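User: Could you walk me through the ligand site in this model? I'd like to know what backs up each claim.

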Amino acid sequence: MNTNNTALRQITLPTRLPKVGTTIFTVMSALANEHQAINLGQGFPDFGCDPALPNAVHEAMQAGHNQYPPMAGVAPLREGISKKIATLYGKHYDPQSEITITAGGTQGIFTVIACAVGPGDEVIVIEPVYDSYIPAIDTVGGKAVPVQLIVNRDAQGKITGYEIPWQAISEAITPSTKMIMINSPHNPTGMVWESGDLEKLAEIVRNTNILICSDEVYEHMVYDGQMHQSVARHPELANRSFVISSFGKTYHVTGWKVGYVAAPAALTHEFRKVHQFNVFTVNTPMQYGLAKYLENADHYLNLPQFYEQKRNYLRAGLAKTKFQLLPSPGTYFQCVDYTQLGIPESELNSADFCQWLTTEVGVAAIPVSAFYSNPVESGVIRFCFAKKEETLAEAIARLQRLSKS
Ligand code: GLN
């Protein structure tokens, strides 16, 4: 056969996600590596986990736990999660029918959307919003309806914090609203929900069939003696919610990609239909290792103290600069306003400012504008403080030099 004249057919793939490029976290980490900058951008610890955790995984491997686990996850892990949620938030989830182990929080969120949202369904998201939500909604043909957190400012225009836009959320609801996505502690702002907030949300969705997707992956990082307001605490909300959490965040193993979704049996039933054909199962020895480690509650109960100290260390260092600190009551993120630095670069938009900060000052950060569907410029960037003290010290030294110049 003569193939010389046979031109290869040009195959193109119309994109499902025209607005999506590489995630800001990957972009900034690559830039940080290229310029040997201290990476306070992408949220991950630069310190190791407790060796007891990988040891428990190794033991599970040695004990022969190396084949497929049950689709929903191994029983001891689901039982441990059920016990933890009951103890902390007072709600019993049946490990058999209401808890599913996922390949990290992001997969859990994607599968929640894939099982619940269809073409034409509207999903309310609150911006700044974690970057995976809207692409997930777009992929399944749903319609993301963004509302924005209220930015509070003092008389001098300084940002003092964020507020949930209850009025805007109520007004965004239509007969097509299928779901509201919430996230406390909130990435990127660090804001946390307070107890009255659950009731306010319940009032809004009462007498509707609206589902809640509650991303609680930073549940164990709430500071200053406050309590995490899981939707699991509120029976009416729990009844219509998917609750997502992640072991990567809690146990300093973001690369392990193990999380879970807790939801009432009827919701979990539909969730698992999609889950089983998406990831099917999550790796077995990690699950057994995590189950063993979860038996000791101190491992997560001590986390607020551990991170609060890091947050305070970073804040004390930045307080000596002209960066303005926003409150950080939760997560491992600290947001700052850079517009008062008094240098020409403080006029840059936040994406350009972060590029400049990474390449010229040697500290990588994430622009909060990246968390809006149409970038909103508030002059705020996000630093991650899940870092060794020496890393934070060096970043602070570089940022302090900047303010003095
Ligand atoms: N959740 C992490 C952050 O906000 C990043 C995870 C990722 O890179 N996709 O920084």
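Analyst: A backbone N or O atom of Gly 43 lies 2.7 Å from an oxygen atom of the ligand. Keep in mind that this is a predicted model, where local features need pLDDT of at least 70, side-chain atom pairs count only at pLDDT 80 or more, and totals for chains, interfaces and linings use all residues. Residues are numbered from 1 along each chain as its sequence is written, and side-chain values use heavy atoms, with hydrogens and water left out.

User: What makes the pair between Gly 43 and the ligand a polar contact?

Analyst: A polar contact is a pair of N or O atoms within 3.5 Å. Gly 43 brings a backbone N or O atom to 2.7 Å from a ligand oxygen, so the pair fits the definition. Asn 187 has a polar side-chain atom 2.8 Å from an oxygen atom of the ligand.

User: How much of the ligand does the protein bury?

Analyst: The protein buries 79% of the 300 Å² that the ligand exposes when taken alone. Those areas come from the Shrake-Rupley method with a 1.4 Å probe.

User: Which residues surround the ligand?

Analyst: They are Phe 25, Gln 42, Gly 43, Tyr 130, Asn 187, Tyr 218, Phe 333 and Arg 382. To be near, a residue needs a heavy atom within 4 Å of the molecule.

User: Why is the ligand said to lie between two domains?

Analyst: Domain 1 (24-47 + 302-403) and domain 2 (52-296) both give residues to the shell, so the ligand lies between them. The bounds come from an automatic or database domain assignment.

Methods. Polar contact = N/O pair within 3.5 Å; in protein donor to acceptor, adjacent residues only side chain to side chain.
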